[in-house]
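Here are some exercises to work through with the model open in front of you. Have a go at each task before you read its solution.

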Amino acid sequence: MSEKPLESFVGVVGKETWWSRIAALEAAAAEGRRCGRAARQRHAIELTIARLLRAPARAPNAAESEIVHLAGLLAASFRGLAAKGKAALHASLHAALSGDGALTPIFHQMRVAERHRRRGFSVSFAGLETGAAFDLAISRNGARAEIVCDVLSAEDGREVSRQAWRQLADRVDPDLHAWLAAHPGRYLLKMTLPQGLRADGGGETASPAHLQARIRTLLAGDGRAQQDETAVLRLDPLVLAGTDTSQHGLLAQLRGDFGPEAHLSVTVAGQGVFVMAARAAREDDVGTALRRRLAALSGSRLSGAAPGVLAMFLEDTDLAEWRGLRETLRLEGAARGFLAGAEARPVAAVSCATRAELVGLPVPQAAAGGEVRFANPAHPAARSPELAAAIRSAE
């Protein structure tokens with residue numbers, strides 16, 4: 001690997017492309033208190049690399065070191081590819097560094113490849129080199145397997161999109177500051193969203209613009225409740241049980257009151273506090289979204305000529321949600337439910353990881369062994385000693 005992995009990585013991307021993208025991401029990170037924070041989280045890989053390049057004398061911390069390592073692996077992998085593979089990886093990088101793209105899928109693929117090399121497999125980037133539908137081909141002692149590396153957003157399983165909720169909260173902040181100036185006090189706006197919340201709305205689904213208008217109407221009137229088919233709004237005094245009235249303290253208390261699936265926002269103006277809390281009519285179901293994606297991948301991206309492994313990366317989730325998905329067995333239930341069905345016939349195993357594993361966070365923030373993995377006991381490869389490390393057990 002190069003002695004300067006970050007410089008090598010940027011060399012693969014192209015300096016002009018790289019720094020132009022960083023400028024756009026830094027501008028996005030400065031937009032809106034909540035949306036800016038979300039942009040910094042979504043593009044943590046890019047912004048971390050940029051920060052380290054600007055301060056080469058500073059030693060990276062443990063999480064940053066993992067990103068540096070993966071950037072170096074990508075640069076080294078690029079050098080080892082044939083011309084067709086280099087062109088494909090270069091195109092993937094440029095797509096990841098434009099529009100709504102992010103480096104996460106490519107770094108996930110590099111991490112999966114490296115983990116299997118450490119387990120003793122020969123690894124080739126079949127998707128890049130030959131145009132295969134799967135991403136990696138691994139082999140050991142004559143046994144082969146195909147690996148698909150895919151990213152699933154937890155938003156696909158949410159009735160209320162966190163992105164849309166952040167947009168709403170940032171939009172109404174100025175309205176709430178003005179209203180609190182004329183109505184000092186502490187308030188709680190509870191919202192039930194029967195059809196959910198999406199950035200673009202559609203059908204009967206609420207949108208941030210629609211809800212902002214509804215909230216303005218509620219605050220301008222004398223009533224304290226409002227209802228239609230898209231939202232039920234109720235404004236009440238905010239009763240605080242504790243003494244910690246900081247935004248962090250309030251959010252922690254409200255999270256305990258409303259539960260992990262509630263969407264919360266706190267606006268503070270002088271002595272005034274305005275809390276918004278929203279729920280969908282149905283529970284989030286990330287597990288069902290995962291199962292749908294696994295079925296789609298099994299049918300479209302595995303050849304069936306060799307055992308298949310679906311290596312999933314769960315995006316747009318926080319540490320608490322990720323831990324909850326593991327501990328409540330929702331993730332396991334979804335994976336095992338898929339593996340028990342006919343659509344899983346080509347699949348020998350499913351694995352799942354998040355940013356927590358990608359940057360090497362410890363247990364329990366991250367899963368033990370760097371991923372959660374579920375074998376398909378009905379697949380013949382589940383009994384293969386040559387493929388055991390890829391299918392049955394963690395590192």
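W18 counts as buried, because its relative accessibility is 0%. The cut-offs are these: buried means under 20% relative accessible area, exposed means over 50%, and partly exposed is in between, using a 1.4 Å probe and protein chains only. Keep in mind that this is a predicted model, where local features need pLDDT of at least 70 and side-chain atom pairs count only at pLDDT 80 or more, while totals for chains, interfaces and linings use all residues. Numbering runs from 1 along each chain as its sequence is written, and side-chain values use heavy atoms, with hydrogens and water left out.

**Exercise 1. Classify the ring pair of W18 and W19, then find the cluster they belong to.**

Step 1: get the rule straight. Rings of Phe, Tyr and Trp (its six-membered ring) pair if their centres lie within 6.5 Å; planes under 30 degrees apart are stacked, over 60 edge-to-face, and the rest tilted. The count by this rule is six aromatic pairs.

Step 2: apply it. The ring centres of W18 and W19 are 6.4 Å apart and the planes sit at 75°, so this pair is edge-to-face.

Step 3: look at exposure. W19 counts as partly exposed because its relative accessibility is 32%, whereas W18 is buried.

Step 4: follow the rings outward. Ring pairs join W18 and W19 with F9 and F107 in a cluster.

**Exercise 2. Place S98 relative to W18, and find what its side chain reaches.**

Step 1: locate S98. Helices (H or I, at least four residues) and strands (E, at least two) are DSSP runs, numbered from the N terminus. S98 is in the loop between helix 6 and helix 7, and counts as partly exposed at 36% relative accessibility.

Step 2: compare sequence with space. S98 and W18 are 80 residues apart in sequence, yet 10.0 Å apart from C-alpha to C-alpha.

Step 3: check the side chain. It reaches the backbone oxygen of A95 at 3.2 Å.

**Exercise 3. Check the span of helix 5 and say what covers its buried residues.**

Step 1: the expected span is 1.5 Å times one less than the number of residues. Helix 5 (residues 62-80) has 19 residues and reaches 27 Å from first C-alpha to last, close to the expected 27 Å.

Step 2: look at its start. A side-chain oxygen of N61 comes to within 3.2 Å of the backbone nitrogen of A63.

Step 3: pick out buried residues of helix 5; among them are E64, I67, S77 and F78. Their cover includes helix 1 (5-13), helix 4 (44-54), helix 6 (83-96), helix 7 (104-118) and helix 15 (355-358).

**Exercise 4. Trace the strand order in the open sheet of six strands, and find the helix lying across strand 3.**

Step 1: strands of a sheet pair through backbone hydrogen bonds, either parallel or antiparallel. Here two strands pair if DSSP finds at least two bridges between them.

Step 2: the six-strand order is 1-2-3-9-10-11, with mixed pairing. Strand 1 (122-124) and strand 11 are the edges, each pairing on one side only. From one strand to the next, the twist averages 20°.

Step 3: zoom in on one pair. Strand 1 and strand 2 are antiparallel over three bridges, with V123 opposite I138 in strand 2.

Step 4: angles run from 0 to 180 degrees between N-to-C directions, with axes fitted to C-alpha atoms (for helices, over the stretch in contact). Helix 7 lies across strands including strand 1, strand 2 and strand 3, running at about 150° to strand 3.

**Exercise 5. Do likewise for the open sheet of five strands.**

Step 1: its order is 5-6-4-8-7, and the pairing is mixed. The edge strands are strand 5 (225-227) and strand 7 (263-269).

Step 2: strand 5 and strand 6 (residues 232-237) pair antiparallel over three bridges. Q227 has V232 of strand 6 as bridge partner.

**Exercise 6. Which backbone angles do N141, L329 and P364 show?**

Step 1: N141 has phi near 55°, positive in a residue other than glycine. N141 sits in the loop between strand 2 (136-140) and strand 3 (143-153), and counts as exposed at 69% relative accessibility.

Step 2: L329, not a glycine either, has a positive phi of about 65°. L329 is partly exposed at 48%.

Step 3: the peptide bond from V363 to P364 is cis, with omega near 10°.

Note on methods
Contact = heavy atoms within 4.5 Å. Polar contact = N/O pair within 3.5 Å; in protein donor to acceptor, adjacent residues only side chain to side chain.
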